[in-house]
Amino acid sequence: MDGFDGVYKGVNYYIREGYEKRLCGYIKVEEGHPWYGVEYDEVEVECHGGPTWSDFIDGRTGWWLGFDTNHYEDLHNPKDFDYVENECKKMIDQYLEVINN
């Protein structure tokens, strides 16, 4: 998988294979949002295994917040594309909630 770009509720997300071909999901965090530039372990967002990435991604503009599916519990239950996409959408809902509150 080379990567998949999507948009949900006006927010960009990106899915790609990571370590050991496990899928990773990311959402783009716009400048001015409270999560922009914040270390992943300081962001309060629910997603699979919790966030494991916040930084720029080579070849992409902006700051990205993401998670991976390479946790112990995933070894015998790998997560598929639909699962990761739904987790990205769940993160985006929370991202937008922060803006709207």
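Lys90 and Glu87 pair up in a salt bridge, with 3.4 Å between their closest N and O atoms. Both residues sit in helix H1, three residues apart, which is about one turn of the helix. The two partners are covered to different degrees: Lys90 is partly exposed at a relative accessible area of 34%, whereas Glu87 is buried at 8%. The model is a predicted one, and every value here is computed from it.

Across the whole structure, the search for salt bridges turns up five. Side chains of opposite charge can pair when their charged atoms come close. Another of the five joins Lys9 to Asp93, with an N to O distance of 2.9 Å. This pair ties together distant parts of the chain, 84 residues apart: Lys9 belongs to the loop between strand S1 (4–8) and strand S2 (11–17), while Asp93 belongs to helix H1 (residues 81–100). On the Lys9 side the pair is exposed, at 55% relative accessibility; on the Asp93 side it is partly exposed, at 32%.

Then there is Asp74, which forms a salt bridge with Lys79, and here the closest N and O atoms are 3.4 Å apart. Both partners are out of the way of the probe to the extent that they count as buried: Asp74 has 0% relative accessibility, and Lys79 has 16%.

Not every charged residue is described by such a pairing. Glu39, Asp41, Glu42 and Asp55 come together on the surface as a patch of negative charge. One member, Glu39, is located in the loop that runs between strand S3 (23–29) and strand S4 (53–56). Its relative accessible area is 43%, so Glu39 falls in the partly exposed class.Two C-alpha distances help place this patch relative to the strands. Trp53 lies in strand S4 and is partly exposed, at 30% relative accessibility. Along the chain, Trp53 and Glu39 are 14 residues apart, and their C-alpha atoms are separated by 7.8 Å. The other distance starts from Val11, a residue of strand S2. Val11 is buried, with a relative accessible area of 8%. From Val11 to Glu42, another member of the negative patch, the separation is 31 residues in sequence and 21 Å in space, C-alpha to C-alpha.

As for the cysteines, how many disulfides does the structure hold? The count is zero. For Cys47, the closest cysteine sulfur is the one in Cys88, and at 8.7 Å that is too far for a bond. The same reading holds from the other end, since the sulfur of Cys88 has Cys47 as its closest cysteine partner at 8.7 Å, again too far. A disulfide would need the two sulfur atoms within 2.5 Å, so the 8.7 Å between Cys47 and Cys88 rules this pair out. Burial does not set these two residues apart in class: Cys47 counts as buried at 10% relative accessibility, and Cys88 counts as buried at 0%.

Terms used:
Residues numbered from 1 in each chain as written. Predicted model: local features only at pLDDT ≥ 70, side-chain atom pairs only at ≥ 80, totals over all residues. Heavy atoms only, no water. Patch = residues over 30% accessible without salt bridge, like charges linked within 9 Å, V, L, I, M, F, W, Y side chains within 5 Å. Areas by Shrake-Rupley, 256 points an atom, 1.4 Å probe, with all protein chains shown as cover. Salt bridge = Lys/Arg side-chain N within 4 Å of Asp/Glu carboxyl O. Lys, Arg positive; Asp, Glu negative; His and termini not counted. Charge placed at Lys NZ, Arg CZ, Asp CG, Glu CD. Helix = DSSP H or I, 4+ residues; strand = E, 2+ residues; numbered from the N terminus. Buried < 20%, exposed > 50% of the residue type's maximum accessible area, 1.4 Å probe, protein only.
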